[in-house]
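Got the viewer open? Let's take a short walk, one selection at a time.

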Amino acid sequence: MARKLKLRIWRGDSTSGALKDVTVDVNDGEVVLDVIHRVQAEQMGDLAVRWNCKAGKCGSCSMEINGKPRLACMTQCASFGEEETITVTPLRAFPVIKDLVTDVSFNYKKAMEIPAYEHPKDLAPGEARMEQVDVERSQEFRKCIECFLCQDVCHVVRDHEENKKSFAGPRFFIRIAELDMHPLDTLRNRKKTAQEEHGLGMCNITKCCTEVCPEHIRITDNAIIPMKERVADQKYDPVRWLGSKIRKREGIL
Amino acid sequence: MSSSLERHKYDVLVIGAGGAGLRAAVEAREAGLKVAIICKSLFGKAHTVMAEGGAAASMGNANSNDNWQVHFRDTMRGGKFLNHYRMAELHAKESPDRIWELETWGALFDRTKEGKISQRNFGGHEYPRLAHVGDRTGLELIRTMQQRIVALQQKDARDHGNAESFIKVFAELTITDILKENGKVAGAYGYYRETGADVLFEAPAVVIATGGVGKTFKITSNSWEGTGDGHALALKAGANLKDMEFLQFHPTGMVWPPSVRGILVTESVRGEGGILTNSLGERFMFKYIPDVFKDKYADNEEEADRWYTDQDNNRRPPELLPRDEVARAINSEVKAGRGTEHGGVFLDVSKRISAEIIKKRLPSMWHQFYELAGVDITKEAMEVGPTCHYVMGGVDVEPDNAAAIGVPGLFAAGEVAGGMHGSNRLGGNSLSDLLVFGRRAGMGAAEYVKSNGDNPVSQSTIDAASARIEAPFKRSGGENPYALHQELQEVTHNLVGIIRTKSELDEAIVKIADIRRRSANVTVAGDRKFNPGFHLAFDLDNMLLVAESTAKSAVLREESRGGHTRDDFPGMNSQWRQVNHIASFDGVQVTVQKKALPVLPKELFDLFDPHELEKYMTPEEMSKGGSI
């Protein structure tokens, strides 16, 4: 049942590193994380890799497999050719700590910059009533497991360290969209601040984030584009512009 | 090392960043205290994220007959009346408030037609009771708590100029010792996983919320973090572990392919109508309904099927029996040669529900099987078998404030605490347990801190803790921690598993002691920087103490109850129902003693039909009718 698999693993730290070739047994049905664990147990006791649930639910084992951002626990070895060498490297958009582990603190800093949910002040616990269809819009974004693959693949920051300061990234655009579409959230102007403070405008809709999302969240179509459209509507649409003037006049009258 | 030692001072140190730890931290912060949260992994990755089915709370949204008394009865029944009644009572009374509170922090549960929180059926619960979000309820819970912490930090940034002035999250940090001075908690010591550097926390109160012990076993639904750290830390600090023989083997783990063996298949699959069949195609659960449950579970397929549409006039399908019953039934079928090719049984949801509904109600199960096993559960059956899922045993605590008995300043909540679930936990009672007792531990710690001042850590205590961390690198020629861990898992799997006997447990005790002796000489390769072998050396130490406590408690309990089945003592014994096992550690080995279970007070005793209680209690207990 077992066959030999050729793996090429990046080993090193923030100062230096290189790809190391290893050959390891692989059994039917095993995923890349399984063989990394086997390498760890048998050949490289100090090989650093993050993982937790091994079931695609926690988003810890994010890495690049043959150059593509993926979860190692959800990548079947059998999806590669038997003779193919599988290359595993750390996420490119974040600084390496050691081997396959990167410093993802960028994401936690961005999380801190998104204003929290605000519950209606007069709505007591247990009194909330919401339609299922209304909660489903935000629920799609709450499926996010924070693997940060979308952040890693996004070309706005992938090779542009300088953009990180003003760009929250796809993970946090769906967080803003989630709150914006939350039936109860009372904080206004989330779309506007997404544009003005969190860098929504820097996204040019290449949909790379949607492609790598292991939860199949339609990041671009359901979160980014609708927010961009409405921001644009309010800013540039002549009918809306006129409407806002008329409404203001009505207010005066 | 200690000259450059990183030091922190907090009022409350919370070890563990799952549901219980985060809820405790929120409570302590809201009481005005400075709180440090320790995560063994990244913030938001804790094992709570894996909980699928839901959180049990008698809100009565799906069936207005539900209330705390019904939930209390179900919980006690599920635990075979070994639960600490007060914990089960507090849990049943407070769960609805804890769920509604999450909604005020932004959680979005699935809804009923009236727009209330939807509640689903689950094993052992009389009414639909589990608040849920598809089958990713744990993710919703942890994200809501995580975002609540961030919200409090944002407020602190506005009010005090620094987001981390009152709550700071320390990610990827392992605690190796709880420190005491003058007989009281003084803090904790550990190391950053990333750099390997030592760190000292001085805090008069420590809340342990480290979760479970699954990694002690070979087949488990737990992640690498479930290594019994808090159980071992508490034991070593002088606290006791209660009823460690009780482990829940969840009946439905994946059995194939081997790489996913043990990963959980949520009970919701059965709650939504999934049926269990053996290789002969028999729906076998009808054969395994125990006498104590005969009046609540259907004994024929027709009635079981009718229950899904008419719950008031039909008994429940036996697939929804408590987890221990279902796990034993599957084990028996496989042992009798009626298992699947890979040693499980079939679980099929495709015959009863449309593909569209399956994908909507069980989305992550659909993905899990499709992507990891190549099985489309809307068309074919799943192969499932028991997997080590949850430890009912844990730190012996005071129910009302979660204080660890015997160690002033130490608190424990969630899976690491014992008593709440008795000998078997009902599905859905874990997420509500985290919230109810996480909050109570935070309150308990806050009250303790307000009446107890600082308790500085002495240099000699620091030196001892520091030397322990350095030790694995100073040794040479010892064994590899990975190999010892595998050996331990074989011992627990083969000798302390679902079905136990005295001779095997005796053998396990000897073997565990041998592995522990050898583990004292474990050596690790490489340096301190993000070194998994080094990390495992400490986890291994914890798992060995847990395994020893479990095996020694299990050999003493000469009956079968909940998550403890003895082949040589197959029946439940009402004398044993009055006994808790208390494990303590003297620095050399674990000793287990008997302690009397608190007597059910009369007002709770009277909630039950006496004919039901007779099945569990002795005639003397029945004649007393509970304590006054």
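What follows is a tour of two spots, starting in chain A and ending in chain B.

Before you click, know that this is a predicted model, where local features need pLDDT of at least 70, side-chain atom pairs count only at pLDDT 80 or more, and totals for chains, interfaces and linings use all residues. Residues are numbered from 1 along each chain as its sequence is written, while chains are lettered from A and ligands numbered from 1 in the order in which they are written.

**Stop one: chain A**

Select residues 62-65 of chain A, which are strand β3, and then 68-71, strand β4; the two run antiparallel, joined by 4 bridges. (Strands are DSSP runs of E, at least two residues, and helices are runs of H or I, at least four, numbered from the N terminus; two strands pair if DSSP finds at least two bridges between them.) Click M63(A) and look across to β4(A): R70(A) stands opposite. The hairpin has 2 residues between its strands, and N66(A) takes a positive phi near 50° there.

Now add residues 86-89 of chain A, strand β5, which runs antiparallel to β3(A) and is joined to it by 2 bridges. Here E64(A) faces T89(A) in β5(A).

**Stop two: chain B**

Which strands form the open sheet in chain B? The order is β17-β12-β21-β22, 4 strands with antiparallel pairing. β17 (394-395) and β22 (590-596) of chain B each have a single partner strand, so they stand at the edges with one side lacking a neighbour in the sheet.

Select 241-242 and 579-585 of chain B: these are β12 and β21, paired antiparallel over 2 bridges. L241(B) has A583(B) as its bridge partner in β21(B).
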